[in-house]
Amino acid sequence: MTQFDQELDATGLNCPLPILRTKKTLATMQSGQVLRVIATDPGSVKDFDAFAKQTGNELLESGEEGGKYYFLIKKA
Amino acid sequence: MSDTKKLAIIATKGSLDWAYPPFILASTAAALGYEVQIFFTFYGLQLLRKKLDLQVTPLGNPGMPMPLGMDKWFPVALTALPGMQGMMTAMMKQKLKSKGVASIEELRELCQEAEVKLIACQMTVDLFDFTPDEFIDGIEYGGAATFFEFAGESDICLFI
C-alpha cells in the first residue's frame with residue numbers, strides 16, 4: 001500500500017463534509033505530502049475524482065476496503 | 001483579471017429543506033477554489049439570523065416522505081393540523097443527523113471560514129423590519145446593483 005503522511009477519518013459524514021474536511025486538512029500539509037481519506041459516503045467516489053481534477057491535487061489511488069472507501073491524495 | 005472561478009447565488013427561501021442548497025454549493029465551490037457570494041433576499045434572510053428556527057412543512061408538499069407510510073392513508077389536507085409542522089421538522093432534523101448530514105449552522109460557519117461573502121439584501125431587511133443585531137456577524141448589506149457587480153463576472157449564477 002502507498003505510504004501516506006496523514007490520515008483523515010470522514011466515515012459517517014455525508015456530502016459535502018468529506019470534501020470540506022479534506023480541503024481543510026490539505027491546507028495544513030506540505031506540498032508533495034500524501035493524505036489518506038476514509039469515507040463511507042458512496043457519493044464521495046465521484047466527488048474525490050472531481051475534487052482532484054478541479055483543485056490540481058493528485059488522486060494517487062482510490063478503492064474500497066470492507067465497505068469503506070479510501071482515497072490517497074497528493075497535495076499539489 | 002484573475003482566473004479564479006466565481007459562483008454567485010441568490011437565496012430566496014427560508015425553510016429548512018431549502019436552506020441546504022445554497023450553503024452546500026457555496027462551501028463546496030469554495031473548497032474547489034471558487035470565489036463565492038450569496039445574496040440573501042426575501043425569506044432567504046432567515047438563513048442569516050443568529051438564532052435559526054428553520055422549519056420544514058408537509059403542508060401542500062405531497063412529495064415529502066412521511067414516517068411510517070402515513071402518506072398512504074393520511075390526506076395532505078390534514079397536514080395542516082396543529083403540531084404537524086413541528087413534528088415533521090423534528091423528524092427531518094433527526095434524519096439529517098443520523099445520516100451524517102451537517103447542520104445548517106455548521107455549513108454556514110464553514111462558508112464563513114472559507115470566506116464566502118454573505119450579503120443581505122438591504123431593501124428586504126428594511127421591508128421586514130430586521131435589525132443588524134438579529135443577523136450573524138461578518139455579513140454585508142447591499143442592493144441589486146451590488147449583486148450584479150459580482151454576478152456579472154461570475155462563471156455560475158444560481159437562483160435558489
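How much accessible surface does chain B have, and what share of that surface belongs to carbon and sulfur atoms? The accessible surface of chain B comes to about 8,800 Å², and carbon and sulfur atoms hold 59% of it. Keep in mind throughout the tour that this is a predicted model.

**Stop 1: chain B as a whole**

Select chain B and colour it by secondary structure, which should bring out 5 helices and 5 strands, arranged from the N terminus in the order β-α-β-α-α-β-α-β-α-β. Turned along its principal axes, the C-alpha trace spans about 60 × 35 × 25 Å. Of the 160 residues in this chain, 43% are buried, and among contacts with a separation of 6 or more, 75% are made by residues 24 or more positions apart. If you display the charged side chains, the 13 positive and 19 negative charges of chain B have mean positions that lie 10 Å apart.

**Stop 2: B:Gly33**

Next, select B:Gly33, which sits in the loop between helix 1 (16-31) and strand 2 (35-40) of chain B. Its relative accessibility is 39%, and because this value falls between the limits of 20% for buried and 50% for exposed, B:Gly33 counts as partly exposed. Leaving aside residues up to four places away in sequence, B:Gly33 touches B:Thr4 and B:Lys5. For a longer view, draw a line from B:Gly33 to B:Glu109: the two are 76 residues apart in sequence, and their C-alpha atoms are 17 Å apart in space.

**Stop 3: backbone angles to check**

Most residues other than glycine have a negative phi, and most peptide bonds are trans. With that in mind, go to B:Phe42, which is not a glycine and yet has a positive phi of about 45°. B:Phe42 is found in the loop between strand 2 and helix 2 (84-98) of chain B, and with a relative accessibility of 35% it counts as partly exposed.

Then move to B:Asp129, another residue that is not a glycine but has a positive phi, here about 55°. This residue belongs to the loop between helix 4 (122-127) and strand 4 (140-142) of chain B, and B:Asp129 is exposed, its relative accessible area being 63%.

For the peptide bond, cross to chain A and select A:Cys15 together with A:Pro16, since the bond from the former to the latter is cis, with omega near 0°. A:Pro16 lies in the loop between strand 1 (6-10) and helix 1 (17-27) of chain A.

**Stop 4: chain A as a whole**

Widen the selection to chain A, whose secondary structure amounts to 2 helices and 4 strands, following the order β-α-β-α-β-β from the N terminus. Its C-alpha atoms fill a box of roughly 30 × 25 × 20 Å along the principal axes. The radius of gyration is 11 Å, which agrees with the value near 11 Å for a compact globule of 76 residues. Buried residues make up 38% of the chain, while the accessible surface comes to about 4,000 Å², with 46% belonging to carbon and sulfur atoms.

**Stop 5: where the chains meet**

Finally, show both chains and select the residues in contact across them: 15 residues of chain B and 14 residues of chain A. The area buried between the two chains is about 1,100 Å², of which carbon and sulfur atoms give 61%. On the chain B side, highlight B:Ala31, B:Leu32 and B:Gly100, which lose the most area to chain A and together account for 43% of what that side buries.

Key:
Residues are numbered from 1 along each chain as its sequence is written. Chains are lettered from A and ligands numbered from 1 in the order in which they are written. This is a predicted model: local features need pLDDT of at least 70, side-chain atom pairs count only at pLDDT 80 or more; totals for chains, interfaces and linings use all residues. Side-chain values use heavy atoms; hydrogens and water are left out. The radius of gyration is taken over C-alpha atoms; the globule rule is 2.2 Å times the number of residues to the power 0.38. Buried means under 20% relative accessible area, exposed over 50%, partly exposed in between (1.4 Å probe, protein chains only). Accessible areas come from the Shrake-Rupley method with a 1.4 Å probe; for residues, only the protein chains shown count as cover. Contact means heavy atoms within 4.5 Å. Buried area is the accessible area (1.4 Å probe) that two parts lose on being put together, summed over both. Lys and Arg count as positive and Asp and Glu as negative; His and the chain ends are not counted. The place of a charge is taken as NZ of Lys, CZ of Arg, CG of Asp or CD of Glu.
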